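Biologist: Hi! Could you walk me through this structure while I have it open?

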Amino acid sequence: MGIVKDMGQGFRALSAVMRRRHVGRHGSAGAAADNVGGYTHGFGELMGGGGSDWAQTAFGEYYPRSAIVYAAIKVRQDAIARLPLRVMRRLPASRTRGPGDDSVNARAAGEPVGAEHPLQRLLDSPNPFWSRSDLWRATETYLSLWGAAFWGLERDENGGIVEIWPLRPDKMRLIPDERRFIKGFVYMGAGGALVPYLPEDVVWMRYFNPLDEYAGLSPIAPLRQSADMGMDALRANRKLLQNDSTPGIIIEMEGIPTDAEVRDFYARWESRFQGVEKTRRPALLSPGMKASNLGFSPRDMEYIESLRWSLEDVTRVFGVPKVMVGDLENTTFSNFSTARRLFWEDTIAAQLEFYREALQQHLLPHFGGDTLTVQFDLSGVEALKESEENKAKRRRIYVQAGIMTIDEVRRDMNLPPLGS
């Protein structure tokens, strides 16, 4: 079963099947209805559901409308979608990593469960229509736009989780419960049909919101004015270019020229300077003529500042260095490399830990979470790799300080011990 099948009456049938699934697990139809709040009405009646004020569709519209917002989110989603997610089986403390491992790249203390493990298969292929990277691109985009992301977990007839479906936050409503915090979730699919989810059938990820415990805080919320300012500046400048009649240069001369003299002047000017091959060609003016360049007007400067401020605010909120969204002013190879490394170490590393904890709490318990953990594999990220020179210096310092032996260094370099 999957949300992609929710078309017309077929989607309503899916909803009924899901309700029957809940009945089978909880023993009675009444229990199932109670767990999802008993909602069988239109989605409009759920508009007051938990967190609905923070899940506005308007937040999602910034992704296709604002080039800067799109670029910043795409940098984040591309970074996360490229990383393999490994399911690991925990190892005893005596077998944890040693001092020679790079802390930022070191995997969790564990060993891979293998590609055939049910959880690893599920994360590698979430459903028949979405790839692993598709799932993470959608998840990161939803969090960046709405501050929340939901995975609907679909089960087989035996109750095992066999599919993951990313669900749009602006179509999801929480049913609050004073005793249990939430009774469940209701998702609006195509045609307005409603699909209920029990709390254990949803992986719910959200950014902390001090104003609403049932909602994530959308990064767009504090960013709207700056993003709007940038888009307004672009729209205003486009209209100005369409309607502008301001000359680029002014020619002053004594007296008032006749219409014939004006036509003759323009004809000679265009014949000498019009065309790519004549760009920047020196000009000679007749005696008594003076040329003046108008330069940037205050309105032009205001437009440029609006775009710069919007860019800085967007990149600040999303934790993306400006150079990574195409602002290459004053960029050198050194500071670009530093910006990429800091992006991975500060922005992406924190986001990966956010995801790991969410999966550890909401998904892994279905697969024996006490013995399993998940870890994103950062070994292929060039920005985090030490140069060979720095590695050699660090290893030498460790050996001199007695932190590592020479054989431990050789093992870290995949070399045999000296005595072998």
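Modeller: Happy to. This is a predicted model, and a good place to start is Glu154, which counts as buried because its relative accessibility is 1%, below the 20% cut-off.

Biologist: Which strand is Glu154 found in?

Modeller: Glu154 sits in strand β3, residues 148–155.

Biologist: And what does the side chain of Glu154 make a polar contact with?

Modeller: The side chain of Tyr197, at 2.8 Å.

Biologist: Staying with β3, in which sense does β3 pair with β4?

Modeller: The two strands are antiparallel, with 6 bridges between them. As an example of how they line up, Leu153 stands opposite Ile164 in β4.

Biologist: How many residues of strand β4 are buried?

Modeller: In β4, which covers residues 161–167, 6 of the 7 residues are buried, so the strand is mostly covered.

Biologist: What about the hairpin of β3 and β4, how many residues are between the strands?

Modeller: There are 5 residues between them, and Gly159 in that hairpin has a positive phi near 90 degrees.

Biologist: Which residue other than glycine has a positive phi?

Modeller: Phe181 is one of these, with phi near 80 degrees. I'd point it out because most residues other than glycine have a negative phi. Phe181 belongs to strand β6, residues 181–188, and at 32% relative accessibility it is partly exposed.

Biologist: Changing topic: how many salt bridges does a search of the whole structure find?

Modeller: The search finds 11. One of them joins the side chains of Asp78 and Lys74, at 2.9 Å from N to O.

Biologist: Where do Asp78 and Lys74 lie?

Modeller: Both are in helix α5, residues 67–81, and they are 4 residues apart, about one turn of the helix. Asp78 is partly exposed, with a relative accessible area of 25%, and Lys74 is partly exposed too, at 30%.

Biologist: Which residue forms a salt bridge with Asp313?

Modeller: Arg316, and their closest N and O atoms are 2.3 Å apart. The two residues are separated by about one helical turn, because they are 3 residues apart in helix α10, residues 298–318. Asp313 is buried, with a relative accessible area of 14%.

Biologist: Which residues do salt bridges that share partners join into one network?

Modeller: Lys74, Asp78 and Arg137 are joined that way.

Biologist: How far apart are Arg180 and Asp177 in their salt bridge, N to O?

Modeller: Their side chains meet at 3.8 Å. Arg180 is partly exposed, with a relative accessible area of 33%, whereas Asp177 counts as buried at 11%.

Biologist: Now the greasy part. How many residues does the largest nonpolar core have?

Modeller: It has 54 residues. Those with the most contacts inside that core are Val69, Leu123, Trp151, Phe318, Trp344, Leu359 and Leu363.

Biologist: What is Val69 in contact with, leaving aside its neighbours within four places in sequence?

Modeller: Tyr62, Ile220, Leu223, Ala227, Val314 and Phe318.

Biologist: And what other core lies apart from the largest one?

Modeller: There is another core of 14 residues, and among them are Phe150, Trp165, Ile182 and Tyr214.

Biologist: Thanks, that gives me plenty to look at on screen!

Key: Residues numbered from 1 in each chain as written. Predicted model: local features only at pLDDT ≥ 70, side-chain atom pairs only at ≥ 80, totals over all residues. Heavy atoms only, no water. Buried < 20%, exposed > 50% of the residue type's maximum accessible area, 1.4 Å probe, protein only. Polar contact = N/O pair within 3.5 Å; in protein donor to acceptor, adjacent residues only side chain to side chain. Salt bridge = Lys/Arg side-chain N within 4 Å of Asp/Glu carboxyl O. Pairing = 2+ DSSP bridges. Core = buried A, V, L, I, M, F, W, Y, C linked by side-chain atoms within 4.5 Å. Contact = heavy atoms within 4.5 Å.
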